[in-house]
Amino acid sequence: MGHPYAPADLEVPGFVPLQLSQSQILVTYIGASLFVLLVVWLISGRCGRLSKIDRLLMCWWAFTGLTHILIEGPFVFTPNFFKKENPNFFDEVWKEYSKGDSRYVARDAATVTVEGITAVLEGPASLLAVYVFSSPA
């Protein structure tokens with residue numbers, strides 16, 4: 001069975017088609033993201049000294065950090081995500097994302113390296129920024 005990636009002659013040995021629809025992936029991702037934003041917003045509201053801008057920045061950095069760690073991390077550390085017979089949500093995200101940029105399913109070395117840096121360094125650094133905002137001055 002073929003794959004949905006361009007170019008059509010791209011070799012994707014063992015490819016297993018998506019089991020989740022694009023809308024299922026988006027609804028789950030958007031729902032989880034809104035939940036994170038709501039939780040950070042509510043918790044940051046307990047710190048009376050934080051401005052709304054600070055709280056918004058905390059929401060952004062939490063969203064960014066968790067996205068880098070939880071979405072990009074599995075891509076970097078699961079090279080066979082497109083072969084799994086019982087894929088998890090993150091495998092399905094990357095199979096869908098690869099439709100727009102086949103370097104991901106092809107495991108392009110530069111792409112994997114950049115995603116690895118963001119998952120391992122930028123993600124935790126973003127969560128550190130949330131902590132810094134919440135710390136007393």
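Is Lys99 buried, partly exposed or exposed? Hi everyone, let me start there. Lys99 counts as partly exposed, because its relative accessibility is 39%. I'll come back to that residue and its partner in a few minutes. One thing to keep in mind throughout: what you have in front of you is a predicted model.

Let me begin with the overall picture. The protein has four helices and zero strands, so to speak a plain α-α-α-α when you read along the sequence. The C-alpha trace spans about 60 × 30 × 20 Å along its principal axes. There are 137 residues, and 36% of them count as buried. If you take the contacts with a sequence separation of 6 or more, 65% of them are between residues 24 or more positions apart. As for the surface, about 8200 Å² is exposed, with carbon and sulfur atoms supplying 68% of that area.

Now to the inside. The largest nonpolar core has 15 residues. Those with the most contacts inside this core are Tyr5, Val12, Phe75, Phe81, Phe82, Trp94 and Val105. Helices α2 and α3 each supply at least two of the core residues, and the largest share, three residues, comes from α2. There is also a second, separate core of six residues, and among them are Val40, Leu50, Cys59 and Ala62.

Let's pick Phe82 from that first group. Leaving out residues up to four places away in sequence, what does Phe82 touch? The list is Val12, Pro13, Gly14, Phe15, Val16, Lys95 and Val105. You may like to click through those on the screen.

Next, helix α3, which runs over residues 89-97. Six of its residues that are buried are Asp91, Glu92, Val93, Trp94, Lys95 and Glu96. The buried residues of α3 pack against α1, residues 22-44, and also against α2 and α4, the last of these being residues 109-134. At the N-terminal end of α3 we find Asn88 acting as a cap, with a side-chain oxygen 2.9 Å from the backbone nitrogen of Phe90.

Two of those buried acidic residues in α3 deserve a closer look, and here I'd like to turn to salt bridges. How many does the structure hold? It holds four, and I'll go through three of them.

Take Lys84 and Asp91, whose closest N and O atoms are 3.2 Å apart. Asp91 counts as buried because its relative accessibility is 2%. Lys84 has a relative accessible area of 25%, so that residue is partly exposed.

Then comes the pair I opened with. The side chains of Lys99 and Glu96 form a salt bridge, 3.1 Å from N to O. Glu96 has a relative accessibility of 14%, and therefore counts as buried, while Lys99 is partly exposed at 39%. Glu96 has another partner too: a polar contact of 3.1 Å links its side chain to that of Gln22. Setting aside neighbours within four places in sequence, Glu96 is in contact with Leu18, Gln22 and Ile25.

The third bridge is Arg103 with Asp101, where the closest N and O atoms are 2.6 Å apart. Arg103 is partly exposed because its relative accessibility is 44%. Asp101 has a relative accessible area of 18%, which means it is buried, the cut-off being under 20%.

Let me finish on helix α2, residues 52-77. Which residues make the nonpolar surface patch of about 490 Å²? They are Ile53, Leu56, Leu57, Trp60 and Trp61. Trp60 lies in α2, and its relative accessibility is 46%, so Trp60 counts as partly exposed.

Leu70 is in α2 as well. At 44% relative accessibility, Leu70 is therefore partly exposed. Leu70 and Ala119 are 49 residues apart in sequence, and their C-alpha atoms are 7.9 Å apart in space.

To wrap up, then: four helices, a largest nonpolar core of 15 residues, and an α3 whose buried residues pack against α1, α2 and α4. Thanks for listening, and I'm happy to take questions.

Notes. Residues are numbered from 1 along each chain as its sequence is written. This is a predicted model: local features need pLDDT of at least 70, side-chain atom pairs count only at pLDDT 80 or more; totals for chains, interfaces and linings use all residues. Side-chain values use heavy atoms; hydrogens and water are left out. A polar contact is a pair of N or O atoms within 3.5 Å; within protein, one must be able to donate a hydrogen and the other to accept it, and residues adjacent in sequence count only if both atoms are side-chain atoms. Contact means heavy atoms within 4.5 Å. Patches are made of residues with over 30% relative accessible area and no salt bridge: like charges are joined within 9 Å, nonpolar side chains (Val, Leu, Ile, Met, Phe, Trp, Tyr) within 5 Å. Accessible areas come from the Shrake-Rupley method with a 1.4 Å probe; for residues, only the protein chains shown count as cover. Buried means under 20% relative accessible area, exposed over 50%, partly exposed in between (1.4 Å probe, protein chains only). A nonpolar core is a set of buried Ala, Val, Leu, Ile, Met, Phe, Trp, Tyr and Cys residues joined through side-chain atoms within 4.5 Å.
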